[in-house]
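Q: Hey, could you walk me through this model? I'd like to start with the strands.

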Amino acid sequence: MNKIMKAVTVAASASLLLSLGACGSGRSATSSSEAKDAKDMTIGLSMPTKSLERWNKDGANLKSKLEKAGYKVILSYADNKTSQQTSDIENMANKGADIIVVAAIDGTAVGPAVEKAKDTGSEIIAYDRLIMNTEAVDYYATFDLEKVGALQGQYIIDKLGLKDGKKGPFNIEVFSGSPDDNNAKLFFKGAWDLLQPYFKSGVLVSPSKHGGGVTANFSLDKWQSIGVQNWDAAKAQTDMESILDSSYAHSEPLAAVLTPNDAIAVGVVNALGTKRPDLKAGTANWPILTGQDCDAPNVTQIAQGKQAMSVFKDVNKLADAVYDMVTTLAKGEKVTDATGKYNNGKLDVPTKLLTPVIVNKDNLDLLKTSGFYSAADFDKLVG
Ligand code: BGC
């Protein structure tokens, strides 16, 4: 039984006695009067790393919302180390966290830690990234993962005019995200489902042998071979530099790079700068680059024509969704407004799914009007 339900049950028996005693006086217990008060609850927030901009925003957003409502909050960042995340979660459970919200570094490695926490009565919410192969996860909130990849793949298809019958062949290089992040697989699936038919018809080709080579028959289960560990920009830069050395050292054209997130797009832009100074951002020879998160350096890259698009996932809205879950659980109730389910290998986890949207040069302002960046910060970023 979890910590909240234990509290509710104890309170419920007490109030049953009270209401029996008060029989005839018209008083009766309501479930909300039995729920735990925010000030008596501790919420743990286990974030993966401070080194990528979005998780700083995610952690800060959730913490301030929860604290404003009176909850005690323990916020930890695990420096992209799975052992650190395990001890962060154990520490939260030991401190009596009623609910632990986890953005996993490695969705599978974090399993035993959340199982222990669940045994001591914490409820577990997977945040943005699913926790895999365990029953110890109660809910999940994220942006539609395949849709993110589909927006990236479709963008490349549209900008190259492939639907209009352009035959190319166009050179494209393809990356996926961190091999230990289940999200990365689903982002890649969303994009690859759309791009693969053009590899099959020979309109798109990937000349490099990156990850063993991405060809028409490249199957989804090989996605990790083209991954970038920890979504690390420096690693992406090194990988892209060797792609450029091996296959683009003689002025070969490069039409697009599927870069699954903004950190990887930064690495690829840097590599283009060091290895192919002849390519000029904002002109026809510059490749179409994708991304997600709308990180600060990428807002600048988009404004400068170095990155064609990013997928905007408004983490304020994700924080709102998780905040609503916490409030519901605090009342001793179940979350009933999940909009989908994701299977984690052991169970279908009820999921609140949010909608990602494309941002490019034409609607970059959305990042200001939505309040994602303050007007002053935004104006600085776009120069
Ligand atoms: C998130 C992305 C992020 C990436 C690296 C993924 O799990 O969904 O938004 O770019 O991790 O932090």
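A: Sure. One definition before the hairpin: a strand here is a DSSP run of E with at least two residues, numbered from the N terminus, and two strands pair if DSSP finds at least two bridges between them. Also, keep in mind that this is a predicted model.

Q: Okay, so what do β11 and β12 form, and how many residues sit between them?
A: They form a hairpin, with 4 residues between the two strands. G345 is in the turn, and its phi is positive, about 95 degrees.

Q: In which sense do β11 and β12 pair?
A: Antiparallel, over 4 bridges. To give you one spot to look at, G340 stands opposite T351 in β12.

Q: And what's on the other side, how do β5 and β12 run?
A: Those two run parallel, and 4 bridges join β5 (residues 139–143) to β12 (residues 348–354). T351 turns up again there, as the bridge partner of Y140.

Q: What order do the strands take in that open sheet?
A: The order is β2-β1-β3-β4-β5-β12-β11, so 7 strands with mixed pairing.

Q: Which strands stand at the edges?
A: β2 (72–77) and β11 (340–343). Each has a single partner strand, so one side of each is left without a neighbour in the sheet. The twist from one strand to the next averages 25 degrees.

Q: There's another sheet too. What's its order and pairing?
A: That open sheet has 4 strands in the order β7-β6-β8-β9, and the pairing is parallel. At its edges are β7 (204–205) and β9 (288–289), each pairing on one side only.

Q: How many bridges link β8 and β9?
A: There are 2 bridges between β8 (residues 256–258) and β9, in the parallel sense. V257 stands opposite L289 in β9.

Q: Switching topic: what are the domains?
A: The domain assignment gives domain 1 as 3–137 + 314–354, and domain 2 as 145–313 + 359–382. Their C-alpha centres lie 35 Å apart. In the contact, domain 1 puts in 16 residues and domain 2 puts in 19 residues.

Q: How much area is buried between them?
A: About 1,500 Å², with carbon and sulfur atoms giving 44% of that.

Q: And how many salt bridges and polar contacts cross over?
A: The rule finds 1 salt bridge across the interface of domain 1 and domain 2. For polar contacts, the count between the two domains is 6 residue pairs, both residues at pLDDT 80 or more.

Q: Which elements of domain 1 give two or more residues to the side that touches domain 2?
A: α3 (53–68) and α11 (315–330). α3 gives the most, with 3 residues.

Q: While we're on charges, what does R129 form a salt bridge with?
A: With D181, and the closest N and O atoms are 3.0 Å apart.

Q: What about the residue just before, D128, is its phi positive or negative?
A: Positive, about 65 degrees, although D128 is not a glycine. Most residues other than glycine have a negative phi. You'll find D128 in the loop between β4 (123–127) and β5.

Q: Last one: which residues does a cis peptide bond join?
A: G168 and P169, with omega at about -5 degrees. Most peptide bonds are trans. P169 is in the loop between α6 (145–160) and β6 (170–174).

Note on methods. Residues are numbered from 1 along each chain as its sequence is written. This is a predicted model: local features need pLDDT of at least 70, side-chain atom pairs count only at pLDDT 80 or more; totals for chains, interfaces and linings use all residues. Side-chain values use heavy atoms; hydrogens and water are left out. Axes are lines fitted to C-alpha atoms, for helices over the stretch in contact, and angles run from 0 to 180 degrees between N-to-C directions. Domain bounds come from an automatic or database domain assignment. Contact means heavy atoms within 4.5 Å. Buried area is the accessible area (1.4 Å probe) that two parts lose on being put together, summed over both. A salt bridge is a side-chain nitrogen of Lys or Arg within 4 Å of a carboxyl oxygen of Asp or Glu. A polar contact is a pair of N or O atoms within 3.5 Å; within protein, one must be able to donate a hydrogen and the other to accept it, and residues adjacent in sequence count only if both atoms are side-chain atoms.
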